[in-house]
Amino acid sequence: MLLCGIFGCISSCAPRVIADGLKRLEYRGYDSVGVAFISGGKLVLEKDKGMIDPFVRRLGLSNMSAGIEIGIGHTRWATHGAPCKENAHPHLDCTGTIAVAHNGVLENFLEIKEALIKRGHRFASTTDTEIIPHLIEEGIQEGLSLKSAAARAAKMIRGSMAIAVLSSAQPGTIVCVKRESPLVIGVGKNGSYCASDIAALMPYTDTILQLEDDQVATITRAGPSIETIDGKPVKPKFTKVRWDAGMAERGGYPHFMLKEMHEQPIALRDTLKLPSAFLERASRMMEGRVYLTGSGTSYHACLASSYAFSKLFCMDIRPVYSSEFQDLLCDLRGNTVIGVSQSGETADTLGALRHAKSKGARVIGITNTLSSSITALSDTYICTQGGPEIGVAATKTFLTQLVAMDQLMLHAASVANKLPEGVCSKLFEQLNGVPSLVERVIGQLDAVRPIAQKYFSRRSAYFLARGINVATAMEGALKLKELSYMHAEGYPAGESKHGPISLVEDGFLCVFIAPNDSSRGRIIGNMMEMKARGAKIFAVITEGDKELKLIADDTFEVPPVPEFLNPVVYTVPLQAFAYHVAVLRGLDPDKPRNLAKSVTVM
Ligand code: G6P
């Protein structure tokens, strides 16, 4: 789970330490912020919409006097509920004595919330998190300790969580539970700490314990005691870290891009947990003709999805570059336009969606940024769960866009009874399997570096594929171009003989996306045409494809992937290729020249 940052501490000047810790976690989210302390035996809560600095200044957190020795804080990246004061963490129970900061996505929160409301609980926010303090409150009322009540709540909840719990009834203790989302505990000379990552703890300690899934930590000033969620004691295993703060923020990776590529399986898993209510609302709006629009990488996600929709359901869905939208389409009455944008702020995409609305279309937004202009503009939206992406080139957010659209498509198909039940559930099963396939590919990415080493000084490259992987090819070419400034073009392989082939000469690099599917025979034909003119072939192929290993000069093998999911998996080695070529050329892949993460001019 990549969204939001949690920081807790038991030390003198807790408010100042928490303010500093949250600042180091800001890259994980920054649309709202909050803190809870125990002061004079009472729980004090402060939270607000907006970024950390003005909040800290307004409250004077950094200068708050000693005497406050325990607290938790949270910096948010909204996923459930708009980024507003009410939805900022920490959240409280009905008695106002238990505060919870959470990082994660809770799957069954709606049913638990309904049951809690029936039992008389009052809710102040629209977040999924708020069920946790109320469940803990019930545990305490039944006589459980804070730790046991938190563990019991975690058992009732499905989904990812890293939580820090503070209660005025147990004023020297922070209880933490971890499942899927990260949580580290640190013990230093001046106190004990918990945080979403090591970077936040660097100024205070190098003695770190990574909590494991379904473990509960009871932290006091002296350090933590750990149990499993079922109450079995666990011996704490501390390690010494030797990272500097910058490295720690990048999770030990040399660049954010590499870190973000490695976060892809978890970003996909989180996006696959999108509450079905959001997806059903959007899928019920998909009537008339459906258009997909986006810019850059987001357009490639649209292109891939148009193939997937068309192949699986014979639905004619048209992808349109956002910058071309208003020049191409004039009457959109009764139609649906799906706008895809990581940032939610790309001027071209917003322009296309405004045009679509003015011409009578319904608009669905797909974005990674809940508080963005696209959510305000759309009739309904789906929020991908990629978390903040710092590297300028989109990586994890591209993959999450693809699976968000796949989910939308499958929901739309089941709402419209387009597929027999058995087929639909099989496709959902395949979709749920994709994070593990991406994980396997990431485990083998070291094999890409020597290939990049062979080709990094080339001037030009083609990326060629057929069908849905034309989008993969275009994304691979865009990544290489963006990061390494090498000229690169992504083309349908069948088009290569209608022009592009004229550039091919001895040593020209052609990257093929060549899965073992119905297009394989034709792709081999295209490879042969290129080889005959002296091209060097780097092919991304299906595991064990001996014939292609003989034909290509270099190969990267990926496990068998259902066709509609090909771009999710096949893009990953191409991201790695672009990354390594850039690094080998001495460039910073996180900050390509002339590019911005969010382009707000047309
Ligand atoms: C910029 C970025 C691209 C990105 C495009 C669309 O051009 O450099 O990496 O794909 O904008 O961004 P969006 O936030 O709308 O997905």
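**Exercise 1. The ligand site**

How far from an oxygen atom of the ligand does a polar side-chain atom of Ser-343 lie? Work outward from there to describe the pocket in this predicted model.

*Solution.*
Step 1. Start with Ser-343. A polar atom of its side chain is 2.6 Å from a ligand oxygen.
Step 2. Look for further polar contacts, with a cut-off of N or O atoms within 3.5 Å. The side chain of Ser-298 places an N or O atom 2.5 Å from an oxygen of the ligand. For Glu-482, a polar side-chain atom lies 3.4 Å from a ligand oxygen.
Step 3. Turn to cover. On its own the ligand has 390 Å² of accessible area, and the protein covers 91% of it.
Step 4. Survey the shell. It holds 12 residues, and those that come nearest are Ser-298, Ser-341, Gln-342, Ser-343 and Thr-346. By class, three are nonpolar, eight polar and one charged.
Step 5. Ask where the shell comes from. Helix α10 (residues 296-313) gives the largest share, three residues.

**Exercise 2. The antiparallel sheet**

Give the strand order of the open sheet of eight strands, and explain which strands lack a neighbour on one side.

*Solution.*
Step 1. Read the order: β3-β2-β4-β1-β10-β9-β11-β15, with antiparallel pairing.
Step 2. Find the edges. β3 (42-49) and β15 (239-240) each have a single partner strand, so one side of each has no neighbour in the sheet.
Step 3. Inspect the β15 edge. Its antiparallel link to β11 (residues 207-210) consists of two bridges. Here Ile-208 faces Thr-239 of β15.
Step 4. Inspect the β3 edge. β2 and β3 are antiparallel and share eight bridges. Ser-32 sits opposite Lys-49 in β3. The two strands make a hairpin with two residues between them, and Gly-40 in this turn has a positive phi of about 60°.
Step 5. Add the helices. α1 (residues 14-24) lies across β1 (5-11), β2 (32-39), β4 (70-76) and β10 (191-195), at about 155° to β1. α2 (residues 52-59) lies across β2, β3 and β4, at about 135° to β3.

**Exercise 3. Backbone exceptions**

Which peptide bond is cis, and which residue has a positive phi although it is not a glycine?

*Solution.*
Step 1. Recall the background. Most residues other than glycine have a negative phi, and most peptide bonds are trans.
Step 2. Check omega. The bond joining His-89 and Pro-90 is cis, with omega about -5°. Pro-90 belongs to the loop between β4 and β5 (91-92).
Step 3. Check phi. Glu-180 has a positive value of about 70°. Its place is the loop between β8 (174-179) and β9 (184-188).

**Exercise 4. The parallel sheet**

Describe the open sheet of five strands and the helices that pack on it.

*Solution.*
Step 1. The order is β22-β21-β23-β24-β25, and the pairing is parallel.
Step 2. The edge strands are β22 (487-492) and β25 (554-558). Each has a single partner, so one side of each is left without a neighbour in the sheet.
Step 3. Neighbouring strands are turned by 15° against each other on average, direction ignored.
Step 4. Take one pair. β21 (residues 460-465) and β23 (residues 509-514) run parallel over four bridges. Tyr-462 has Cys-510 in β23 as its bridge partner.
Step 5. Place the helices. α18 (residues 520-532) touches β21, β23 and β24 (536-542), and makes about 170° with β23. α20 (residues 566-584) touches β21, β23, β24 and β25, and makes about 145° with β24.

How values were computed. Residues are numbered from 1 along each chain as its sequence is written. This is a predicted model: local features need pLDDT of at least 70, side-chain atom pairs count only at pLDDT 80 or more; totals for chains, interfaces and linings use all residues. Side-chain values use heavy atoms; hydrogens and water are left out. Two strands pair if DSSP finds at least two bridges between them. Contact means heavy atoms within 4.5 Å. Axes are lines fitted to C-alpha atoms, for helices over the stretch in contact, and angles run from 0 to 180 degrees between N-to-C directions. A residue is near a molecule or strand if one of its heavy atoms lies within 4 Å of it. A polar contact is a pair of N or O atoms within 3.5 Å; within protein, one must be able to donate a hydrogen and the other to accept it, and residues adjacent in sequence count only if both atoms are side-chain atoms. Accessible areas come from the Shrake-Rupley method with a 1.4 Å probe; for residues, only the protein chains shown count as cover. Ala, Val, Leu, Ile, Met, Phe, Trp, Tyr, Cys and Pro count as nonpolar, Asp, Glu, Lys and Arg as charged, and the others, Gly among them, as polar.
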